[in-house]
Amino acid sequence: MRRFFSFALLVVLCLSTACAQAEAMDAIFDAVDALGAGDVSFATVGDLLCVTAKKEETVPRFGPAQLTYGLVFRSQTGERIGWDDLFADGGAAAQRLEETASAWLYDNAYGSFDNLSPMPRDNFVLGEGTLTVYYPVTQLSWLSGRQVGVRFFAYELEGLLREDVPLARGDSAQADEALSQALATGCLPGLPQNAVPGVSIAEADAAFGLVDVPDVQRDAAVYSFEAAEMGGVWLLSPPEQSNPDTAVANGIFARRIDFSGLCPGVSTQEECLAALRAPDATAAVVSTDGYDRLPEGETALWYGDAYALEMHFAGGLLYSVALFAR
């Protein structure tokens, strides 16, 4: 196991630093080895090395559990990054993140372990413009036995991060290129590449953990998932395809996404339309109720050969981004 870690970390560190220090690598090996996890992945974010480790374990007073550990190190020194290394005020950050998590977590998913507070400060990992925090399984978990993880985008952390933390909102100057990529590939930026129109709900269940039966609305059956990267993101199928065993997704719908700097609840309609080419169609949404996927507002649509991208605006702000198979 240690030999495998050594090789993988050597590759990552050689790519991320001019000269890796043996002492730093030893400190990282020791921390990863102590977890006893067989599924370990590495990523660099700026000058930081991020480790995600997964394993299955029987937890006392809980039972069989699917556990994820996040570790962040300084690549040059092997120093472990803690909560207060990320935030100027760790307590204020925990409170804000707790409020954000409360707004987006599926509220019917928990069994006996459903304590959203306090926000854990010792199990997190950074990604490209994101922070993911994992709760202890005995505090907050899904009925499947998977601990709850919550991913936060950099735009949700603005005003909280220390200046040297390499997390930043995307660049809206690249938003039109992101639009072209989405229409060409069927993938929304920053979201899992296997959560796309055309994937079966059964496949998505295996990858992300289906929470429950779908919420059937007028224009779609809406599927929620357990995985942290699917928080505030749903797969859609035609409303008549409400059987998860046979349904196939024809769209992905995101209320939390950094679309190259265009962010729901933050970016104005004017900013979004200025950053993108003129939409191919627009529509007004009026007289909505609880069976409508979108609230009252305006929708802009862009068409590619195989996919269509939808941006919906409510109250002058970006509300959601969705991508559909045509």
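## A run of strands: β14, β15 and β16

A hairpin of three residues takes the chain from β14 into β15. This is a predicted model, and this part of it makes a good place to start. β14 covers residues 297–303 and pairs with β15 in antiparallel fashion, through six bridges. On the other pairing, β15 and β16 (residues 317–325) also run antiparallel, joined by eight bridges. The hairpin between β15 and β16 has two residues between the strands, and G315 there takes a positive phi near 60 degrees.

H312 is a handy residue for finding your way across these strands. Opposite H312 of β15 stands T299, and H312 also stands opposite S320 in β16. How much of β15 is covered? Of the eight residues in this strand (307–314), seven are buried.

## Strand β8, covered on both faces

Let us move back along the chain to β8, residues 149–153, where five of five residues are buried. In a regular strand, side chains alternate between the two faces of the sheet. In β8, G149, R151 and F153 lie on one side and V150 and F152 on the other, and all of them are buried.

The partner here is β6 (residues 130–134), which runs antiparallel to β8 and is joined to it by five bridges. One point of contact to look up is L131, whose bridge partner in β8 is F152.

## The largest pocket

β6 and β8 turn up again at the largest pocket, where each supplies at least two lining residues, as do β1 (39–45), β2 (48–59), β3 (63–74), β5 (124–127) and α6 (201–208). The space in this pocket comes to about 1,100 Å³.

Which residues lie nearest the centre? Among the 41 lining residues, they are G127, T130, T132, R151 and E229. R151 is already familiar as one of the buried residues of β8. By class, the lining holds 17 nonpolar, 13 polar and eleven charged residues.

## The second largest pocket

The second largest pocket holds about 310 Å³ of space and has 18 lining residues. D215, Q217, V222, S224 and W234 lie nearest its centre. Helix α4 (90–104) and strand β10 (221–223) each give at least two residues to the lining. Sorted by class, this lining has eleven nonpolar, five charged and two polar residues.

## Aromatic rings

There are five aromatic pairs in the structure. One of them is the stacked pair of F153 and Y155, with 5.7 Å from centre to centre and 20 degrees between the planes. Both F153 and Y155 are buried.

Another pair brings back W234 from the second largest pocket: W234 and F253 are tilted, at 5.7 Å centre to centre and 35 degrees between the planes. This pair links distant parts of the chain, as W234 belongs to β11 (residues 233–237) and F253 to β12 (residues 251–254), 19 residues apart. W234 and F253 are both buried. Elsewhere, W83, F87 and F124 make up one aromatic cluster.

## Arginines over rings

What sits over the ring of F253? The charged end of R293 does, 4.9 Å from the ring centre. F253 therefore has two neighbours to look at in the viewer, by the pairing cut-off of 6.5 Å between ring centres for W234 and by the position of R293 over the ring.

A second arginine, R255, lies over the face of Y319, at 3.8 Å from the centre of that ring. Y319 falls within the residue range of β16, 317–325, which brings us back to the strands where this report began.

Key
Residues numbered from 1 in each chain as written. Predicted model: local features only at pLDDT ≥ 70, side-chain atom pairs only at ≥ 80, totals over all residues. Heavy atoms only, no water. Buried < 20%, exposed > 50% of the residue type's maximum accessible area, 1.4 Å probe, protein only. Helix = DSSP H or I, 4+ residues; strand = E, 2+ residues; numbered from the N terminus. Pairing = 2+ DSSP bridges. 1 Å grid on protein atoms, 1.4 Å probe; cavity = no way out; pocket = protein on both sides within 12 Å on 5 of 7 lines; lining within 4 Å. Points joined across faces, edges and corners; volume = space filled by probe spheres on them. Nonpolar A, V, L, I, M, F, W, Y, C, P; charged D, E, K, R; others polar. Phe/Tyr/Trp six-rings, centres within 6.5 Å; stacked < 30°, edge-to-face > 60°. Lys NZ or Arg CZ within 6 Å of the ring centre and 35° of its normal.
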